[in-house]
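Trainee: Could you take me through one helix-on-helix packing in this model, and then the nonpolar cores of the chain? I'd like a close look rather than a tour.

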Amino acid sequence: MRVVVIGATGLIGSRIVAGLRDHGVDVVPVSRADGVDVTTGEGLGRALGGAEVVVDATDSPSHVEAASVDFFNTATRNLLRAAMAAGAEHYVMLSVVGATHAPTGYFRAKVLQEELVRRSPMPHSIVRAAPLFESVDADCRSVLGGGSVHVTPAWVRPVSADDVAGTVARTVVGGPRFGALEVVGPEEYRLDDLSARLLAARGDVREVITDPAALFLGVPLLLWTLLPESGAQVTDETVAQWLARRKQSADA
């Protein structure tokens, strides 16, 4: 099986490549560094040559609605066209839990991306990931200055990037689902409480202020927006286990 991963240098894309290689799969990682541009189509024909499965782990460089809609509309059309031309038999797309609950801003762009994949002739699978431990950690640390961080109290089922990548890898070898699979962690947290725990684990003394008006991925949320539908795949790693693994890696 020859699998081409687009967006292979990203947080999840790099892990998908590593996981598939660990299982002996012939993986071709593709990114802009390889001279491939998904928005212009440059290099896509060459990069996808001989692909049996195409994994779309791309992400918009901006979470602003107009920019993200433009990116996914253009990039996904180009990728689907190139995948069909290459004779690929399975298109796997990475999406986000909650996109269909809040179809505005960045989430609207992900819904449009899903619709493009669903409506194409390509056999496909859509893997929706809950908010990642890594992303929530990075988001709350990215707020510069001041002694506090404003975070929405929306509920989440956070998951590790490794677990999401593992789910994508299993989907690749398992064949097309012709639908969506949501992957979430085993615990339910309010996003403000999770952010406070992650900051504290780093020794960051800033106060997390609960703010229902605070944005997530540039979008205002209801309390339930980021929760999955019924039937989601539940992974094993808890927040405590992820923090312990991160600490062990840092100490190594």
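Mentor: Here's the helix pair, followed by the cores and one buried alanine. Keep in mind that this is a predicted model.

Start with H5, residues 133-141, and H7, residues 191-201: their axes come within 9 Å and cross at roughly 80°. Anything from 65 to 115 degrees counts as roughly perpendicular, so that's the label for H5 against H7. On the H5 side, the contact is made by Phe133, Val136, Asp137, Cys140 and Arg141, while H7 brings Leu191, Leu194, Ser195, Leu198 and Leu199. Sort the residues of this contact by class and you get 7 nonpolar, 1 polar and 2 charged.

Leu194 turns up again in the largest nonpolar core, which has 54 residues. Together with Ile6, Leu48, Val54, Tyr91 and Phe107, Leu194 is among those that touch the most other members. Helix H3, residues 65-85, supplies the largest share of this core, with 8 residues. Zoom in on Phe107 next: leaving out residues up to four places away in sequence, Phe107 touches Val96, Gly98, Ala99, Ala102, Phe216, Leu217, Val219, Leu221, Thr225 and Leu226. There's another core apart from the largest one, made of 29 residues, including Ile12, Ala57, Ala130 and Val168.

Last stop is Ala169, in helix H6, residues 161-174. Its relative accessibility is 13%, so Ala169 counts as buried, the cut-off being under 20%. For a sense of distance, the C-alpha atoms of Ala169 and Gly35 are separated by 25 Å, with the two residues 134 apart along the chain.

Note on methods. Residues are numbered from 1 along each chain as its sequence is written. This is a predicted model: local features need pLDDT of at least 70, side-chain atom pairs count only at pLDDT 80 or more; totals for chains, interfaces and linings use all residues. Side-chain values use heavy atoms; hydrogens and water are left out. Axes are lines fitted to C-alpha atoms, for helices over the stretch in contact, and angles run from 0 to 180 degrees between N-to-C directions. Helices (H or I, at least four residues) and strands (E, at least two) are DSSP runs, numbered from the N terminus. Angles under 35 degrees count as roughly parallel, over 145 as roughly antiparallel, 65 to 115 as roughly perpendicular and the rest as oblique. Contact means heavy atoms within 4.5 Å. Ala, Val, Leu, Ile, Met, Phe, Trp, Tyr, Cys and Pro count as nonpolar, Asp, Glu, Lys and Arg as charged, and the others, Gly among them, as polar. A nonpolar core is a set of buried Ala, Val, Leu, Ile, Met, Phe, Trp, Tyr and Cys residues joined through side-chain atoms within 4.5 Å. Buried means under 20% relative accessible area, exposed over 50%, partly exposed in between (1.4 Å probe, protein chains only).
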